[in-house]
Amino acid sequence: MTKYIFVTGGVVSGLGKGIAAASIGLILKSRGLKVVNQKFDPYLNIDPGTMNPFQHGEVFVTDDGAETDLDLGHYERFTDAVLSQSNNTTSGRVYETVLKNEREGLYHGGTVQVIPNVTDEILRRMLLSTKETGADVIITEIGGTVGDIESLPFIEAIRQMKYEVGEENTCYIHLTLIPYLNKAKELKTKPTQHSVKELQELGIKPDILMLRTEIPLPEATRERLALFCNVDTDCVIQNLNAASIYEVPLNMEKEGLGDAVCKILGIDERKSDLEDWAKMVNVFENPTHHVKIALVGKYIELHDAYLSVVESLTHGGIANQASVEIDWIDSETLVDDETTKKRLKDADGIIVPGGFGERGIEGMIRAAKYARLNKLPYFGICLGMQIMVIEWARDVLGWADAHSTEINKETKHPVIDLMPDQNGKILGGTLRLGKFDCKVKAGTLTEKAYGSSIIWERHRHRYEFNNKFRKELEESGLIIAGVNPERDLVEIVEAPDHPWMLGGQFHPEFKSRPNKAGPLFRDFIAATLKK
């Protein structure tokens, strides 16, 4: 029988439920169990695909083209899983399905209500991963904080789950904050007690309390919480602030989280094997080199907008035993070549990640020009690849008006453009999403990185390299290093006579792992070390 774990949050948002859920997944996987993580978000958007990055942060993309919450990135990186459309559900998706069913007469003229119609649809989606994967354990994170109006249908659904699959097959984990009042030198448990009380009033008794804290919890505090919250003392788990997110699974295992979960779910005692993860953490925390990477972007006020890119740079550092310092640069501040030079002169490498819209584009182009002329390692991802092409067309071929039609529809040199089959679709419908193959040119930096002539990565973009200008760009020296064989679309470009300058139309950050860095991130960091 599949076991089900539900992770809820209380007291305040932003406590790291995603990291906690990912850590639980890794701990159970290390015990030989097949684990799948999923996220249920209460917001009414169908998915985060059209949401402002400043509000939501990064949009994580799966192999099958789902635009999902960034926590799915944590799940994949920690458990090395490959997730899909069914692993992220929003209220918008639930209501969309319920209303569609009502219009099609599937409720036989009955009144459509939150209970049972909405909660039944949530339950159906929660059980979908079981049918698709045959996992031993399904870990479901509920977005938001207990007490939020919008999350009530999800809380009711997970309450019903214990009757759907059997109480012995469910485990409820509640993550809360234990604030420390510095003036009084006291840890305060009352917020957690109130949060648990609210959860109990909604019909859910938490089996495990996971407590975020800045200082270690005294045994007396654990016992008090166990007593007032009606949980076993060994199920009060301290989640102390860690030096890095990679330490969290190791700390949670030491705290007895794996044993507590297995006991509650009736899973046979199994010894965990986190040795490889511990070795990776040791390399990460004890680097022998250091590099400084300039991340030139347009959403830098919210670092979560580039979460997977930052994590992947860290992975590249681990693969090279190097710590990676990120210099966050707002591309709008690179207003001229002199300013760009001053701002980038201390960088060992430049990365320009993805994005949409006109704002900050010229600053990114100046950064690419600086990298090309100064032989500084450059990595362009999605928009960053398009920036590299635009800069080359302007400054090498002399097409001063070269641009993307996303920005300038009147340019005579639209080196980046929509393809004919993309016109006329609704926002989001024109995106190329998910897994696509790429044929790699022999002798390129790309082939060296991947060690293969055929690769695949995940995509999320609308505009493409315009093949009308391909011949002239190649004749001027720009290297076309990778092409999608299905549609003959350029995926990778490289600069000649340069230590390492590469742009990829895809998003390699979505496949990178802490103990298996994405090949391009690994080689990019290696190139910066040589510099």
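**Notes on the predicted model**

1. A good place to start is G134, which sits in the loop between helix 5 and strand 6 (137–142); helices here are DSSP runs of H or I with at least four residues, strands are E runs of at least two, and both are numbered from the N terminus. Setting aside neighbours within four places in sequence, G134 is in contact with K34 and S129, where contact means heavy atoms within 4.5 Å. The C-alpha atoms of G134 and D337 are 56 Å apart, with their positions 203 residues apart along the chain.

2. Before going on, a word on conventions: this is a predicted model, in which local features need pLDDT of at least 70 and side-chain atom pairs count only at pLDDT 80 or more, while totals for chains, interfaces and linings use all residues. Residues are numbered from 1 along each chain as its sequence is written, and side-chain values use heavy atoms, leaving out hydrogens and water.

3. Now the overall picture: the protein has 18 helices and 23 strands. A compact globule of 531 residues would have a radius of gyration near 24 Å, and the 25 Å found for the protein agrees with that (taken over C-alpha atoms; the rule is 2.2 Å times the number of residues to the power 0.38). Along the principal axes, the C-alpha atoms fill a box of roughly 75 × 60 × 45 Å.

4. Of the 531 residues, 59% count as buried, meaning under 20% relative accessible area with a 1.4 Å probe and protein chains only. Among contacts between residues at least 6 apart in sequence, 75% join residues at least 24 apart.

5. Do have a look at helix 4 (residues 91–103) and helix 5 (residues 114–133), whose axes come within 10 Å and cross at roughly 120°. The axes are lines fitted to C-alpha atoms over the stretch in contact, with angles from 0 to 180 degrees between N-to-C directions. From helix 4, R93, V94, Y95, T97 and V98 meet V114, N117, V118, E121, I122 and R125 of helix 5. These residues divide into six nonpolar, two polar and three charged.

6. Helix 10 (residues 257–265) is worth viewing too: its buried residues include L257, G258, A260, V261, C262 and L265. The buried residues of helix 10 pack against strand 1 (3–9), helix 1 (17–29), strand 7 (170–177), strand 10 (208–213), strand 11 (236–240) and helix 9 (248–254). After helix 10 comes G266, with a positive phi near 70°.

Conventions:
Ala, Val, Leu, Ile, Met, Phe, Trp, Tyr, Cys and Pro count as nonpolar, Asp, Glu, Lys and Arg as charged, and the others, Gly among them, as polar. Buried means under 20% relative accessible area, exposed over 50%, partly exposed in between (1.4 Å probe, protein chains only).
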